[in-house]
Structures are given as C-alpha cells and as structure tokens.
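Please examine the structure shown below together with its sequence. The paragraphs that follow lead from the pairing of the strands to the packing around them.

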Amino acid sequence: MTELHTAPSPRASEADAGGTWTVGHDGSDGASTAARWALSRAEGRDVNVMLVRTWEIAALDMPLPSETVVDHAPPTISNDLADLEQAAAAAGIELSTTIARGLASNVLLDASASSDLLVLG
C-alpha cells in the first residue's frame with residue numbers, strides 16, 4: 001500500500017507572500033492535477049508560476065535521425081501544455097513555460113533553485 005505524506009500547510013502570511021513557484025510537468029495525469037492545484041492556489045496571490053517540462057532522447061533499437069526528434073519534441077510538448085497556459089491566463093496568473101532537454105531531476109533542481117515552492121505530481 002502506498003503511503004501519502006502531506007507537508008504541513010504554510011502559515012497564511014507565508015502563503016500570501018508571493019514569489020515564484022516551479023511546477024514540474026511530465027505529461028501524466030498526475031502532473032496535470034498538480035499543476036492545476038498550483039494554479040488554483042496561486043490565484044489571487046502575487047505569485048509567478050513557472051511550468052517546467054523536460055524531454056530526453058531514449059535509446060532506440062533502430063536508428064532514427066536525431067533532428068527528427070529534436071525538431072518535433074518541443075512543439076508537441078507545447079501543445080500538451082496549452083490548456084494549462086489558458087487556465088492560468090483566465091485566472092490572471094503569470095505563467096512562464098520552460099521546455100528543456102535533459103534529465104528531469106537535474107533540470108528541476110536547477111529551475112527551482114530560487115523558487116519558493118516546487119510542485120510535482
């Protein structure tokens with residue numbers, strides 16, 4: 001059985017202080033739920049939300065020109081994130097989107113180094 005661990009909620013003054021929140025998104029339903037949670041909590045606060053999506057080229061059993069993957073991965077990912085961008089705009093939340101090639105853990109650590117909150121789902 002999987003255990004759920006919940007961190008204590010920040011004090012109201014800390015939650016309302018604003019800042020930058022980094023949201024990692026891997027394309028899963030859980031990541032979309034976490035991103036929507038962050039957007040709902042950011043609404044009405046002075047918060048900048050940075051949505052981070054990473055991608056890598058996995059080893060394949062057959063040759064594939066790398067430019068094919070490199071050229072098509074970021075636009076495909078951008079299309080996946082469009083609904084979250086629209087939700088943020090409708091709520092008046094400042095949202096930036098970063099799509100980076102690399103290992104997710106490294107990219108997220110770098111992206112969230114100066115953030116006040118890291119959200120993963």
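Two strands are taken to pair if DSSP finds at least two bridges between them. Helices (H or I, at least four residues) and strands (E, at least two) are DSSP runs, numbered from the N terminus. This is a predicted model, in which local features need pLDDT of at least 70 and side-chain atom pairs count only at pLDDT 80 or more, whereas totals for chains, interfaces and linings use all residues. Residues are numbered from 1 along each chain as its sequence is written, and side-chain values use heavy atoms, with hydrogens and water left out.

Strand β2 (residues 47–55) is a convenient starting point. It runs parallel to β3, to which 8 bridges join it, and Leu51 stands opposite Thr97 in β3. Strand β1 (residues 19–24) is also parallel to β2, with 6 bridges between them; here Val23 is opposite Leu51. β1 further pairs with strand β4 (residues 117–119) in the parallel sense over 3 bridges, and Trp21 has Leu117 of β4 as its bridge partner.

Together these pairings give an open sheet of 4 strands in the order β3-β2-β1-β4, with parallel pairing. Its edge strands are β3 (94–101) and β4, each of which pairs on one side only. From one strand to the next, the twist averages 20 degrees; axes are lines fitted to C-alpha atoms, for helices over the stretch in contact, and angles run from 0 to 180 degrees between N-to-C directions.

Helices pack on this sheet. Helix α2 touches β1, β2 and β4, and its direction makes about 165 degrees with that of β1, where contact means heavy atoms within 4.5 Å. This helix (residues 29–42) forms a right-handed β-α-β unit with β1 and β2; right-handed means that, with the strands pointing away from the viewer, the path from the first strand over the helix to the second runs clockwise. Helix α4 (residues 104–111) lies across β1, β2 and β3, running at about 160 degrees to β2.

The interior can now be considered. Of the 9 residues of β2, 8 are buried, that is, under 20% relative accessible area, with exposed over 50% and partly exposed in between (1.4 Å probe, protein chains only). A nonpolar core is a set of buried Ala, Val, Leu, Ile, Met, Phe, Trp, Tyr and Cys residues joined through side-chain atoms within 4.5 Å. The largest such core has 17 residues, and Val23, Leu39, Leu51 and Leu84 are among those with the most contacts inside it. β1, α2, β2 and α3 (66–91) each give two or more residues to this core, and α2 gives the most, with 5 residues. A second, separate core of 5 residues includes Met50, Ala100, Val107 and Leu108.

Finally, Ser112 is placed in the loop between α4 and β4. Ser112 counts as buried because its relative accessibility is 12%. Not counting residues up to four places away in sequence, Ser112 touches Thr22 and Leu118. A polar atom of the Ser112 side chain lies 2.7 Å from the backbone oxygen of Leu108.

Terms used
Polar contact = N/O pair within 3.5 Å; in protein donor to acceptor, adjacent residues only side chain to side chain.
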